[in-house]
Amino acid sequence: MRISVSSDMDQPVARQLVEELRRRGHEVRTYGALQPGADPQWAVCSEAAARDVAVGRADQAVVCCWTGTGASIAANKVQGVRAALCTDAYTADGARRWNDANVLALGLRLTSEPVLKEILDAWFTASPSDEPEDRGNVAHVGRLDAGRTHSPRAGRSPGS
């Protein structure tokens, strides 16, 4: 799988992430502080990695910053990206399963190497759900992403 990785800081967990992805057989493209001479600002490097997913240069991306929040926000501004900030394996599993997330956001501050491996295990093991409700929610997010915010159910009161 082709995976783009960005980090605004050259931290041990960011380097471990790249090494672990390569160890698992993935083709990794790096951005930000992981790429000498590249712009390390979280908004810039997160956008670059997310854009790879949106245009098909990468199958998925992992974006990192100190808390993971900024990287997640920036990635989610790229049309076609569904980035999820995951701090544990359960959240990573749910993000892939229920949200069909295609970008994993991680916080450099609190993610240890063992937790990183658990998150990656869950992320790569989970498959998007085929349940109609889950697919409907992902489709609705796609409409929001495209600027079409009207929903046939919007504005209805319960039971109407």
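**Figure 1. The whole chain, element by element.** Starting at the N terminus, the elements run β-α-β-α-β-α-β-α-β-α-α. That adds up to 6 helices and 5 strands. The radius of gyration is 16 Å, close to the 15 Å that the globule rule gives for 160 residues, so the chain is as compact as a globular protein of that length. Keep in mind that this is a predicted model. Along its principal axes, the C-alpha trace spans about 55 × 30 × 25 Å. As for burial, 42% of the 160 residues are buried.

**Figure 2. Strand β1 and its two partners.** Here we zoom in on β1, residues 2-7, a mostly covered strand with 5 of its 6 residues buried. Which strands does β1 pair with? One partner is β2, in the parallel sense, over 6 bridges. The other is β3, also parallel, joined to β1 by 5 bridges. To find your way around, look for Ser7, which stands opposite Gly32 in β2. Ser6, in turn, stands opposite Val63 in β3.

**Figure 3. From β1 over α1 to β2.** This view follows the chain through β1, helix α1 (residues 12-23) and β2, which together make a right-handed β-α-β unit. Strand β2 covers residues 27-32, and Val28 is one of its residues. Is Val28 buried or exposed? With a relative accessible area of 14%, Val28 falls under the 20% cut-off, so Val28 counts as buried. For a sense of scale, Val28 and Pro12 are 16 residues apart in sequence, and their C-alpha atoms are 17 Å apart in space.

**Figure 4. Strand β5, covered along its length.** Now for β5, residues 103-107: 5 of its 5 residues are buried. In a regular strand, side chains alternate between the two faces of the sheet. In β5, Val103, Ala105 and Gly107 point one way, while Leu104 and Leu106 point the other way, and all are buried. What flanks the strand? Strand β3 (residues 60-65) runs parallel to β5 and is joined to it by 5 bridges; within that pairing, Cys65 stands opposite Gly107. Strand β4 (residues 83-85) also pairs with β5 in the parallel sense, over 3 bridges. In that pairing, Ala83 has Val103 as its bridge partner.

**Figure 5. From β4 over α4 to β5, with an unusual phi on the way.** Helix α4 (residues 89-99) links up with β4 and β5 in a right-handed β-α-β unit. The loop between α4 and β5 is where you'll find Asp100. Most residues other than glycine have a negative phi. Asp100 goes the other way: its phi is near 50°, a positive value in a residue other than glycine. What about its accessibility? Asp100 has a relative accessible area of 15%, so this residue counts as buried.

**Figure 6. An aromatic pair, Tyr90 and Trp98.** How many aromatic pairs does the model hold? The count comes to 1. Tyr90 and Trp98 form it, with 6.4 Å from centre to centre and 70° between the planes, in an edge-to-face arrangement. The angle settles the label, because planes over 60 degrees apart count as edge-to-face. The distance makes the cut as well, since the limit for a pair is 6.5 Å between centres. How accessible are the two residues? Tyr90 has 60% relative accessibility, so Tyr90 counts as exposed. Trp98, at 39% relative accessibility, counts as partly exposed.

**Figure 7. Arg96 over a tryptophan ring.** This close-up has another ring in it, that of Trp123. Arg96 lies over the face of Trp123, at 5.6 Å from the ring centre.

**Figure 8. Cysteines without a disulfide.** How many disulfides does the structure hold? The answer is 0. Take Cys64: the closest cysteine sulfur is that of Cys65, 8.0 Å away and therefore too far for a bond. For comparison, a disulfide calls for sulfur atoms within 2.5 Å. Cys86 is in no disulfide either, with its nearest cysteine sulfur, that of Cys64, 11 Å away. Are these residues buried or exposed? Cys64 has 2% relative accessibility and counts as buried. Cys86 is buried too, with a relative accessible area of 1%.

Terms used: Residues are numbered from 1 along each chain as its sequence is written. This is a predicted model: local features need pLDDT of at least 70, side-chain atom pairs count only at pLDDT 80 or more; totals for chains, interfaces and linings use all residues. Side-chain values use heavy atoms; hydrogens and water are left out. Rings of Phe, Tyr and Trp (its six-membered ring) pair if their centres lie within 6.5 Å; planes under 30 degrees apart count as stacked, over 60 as edge-to-face and the rest as tilted. Buried means under 20% relative accessible area, exposed over 50%, partly exposed in between (1.4 Å probe, protein chains only). A charge sits over a ring if NZ of Lys or CZ of Arg is within 6 Å of the ring centre and within 35 degrees of the ring normal. Helices (H or I, at least four residues) and strands (E, at least two) are DSSP runs, numbered from the N terminus. Two strands pair if DSSP finds at least two bridges between them. A crossover is right-handed if, with the strands pointing away from the viewer, the path from the first strand over the helix to the second runs clockwise. The radius of gyration is taken over C-alpha atoms; the globule rule is 2.2 Å times the number of residues to the power 0.38.
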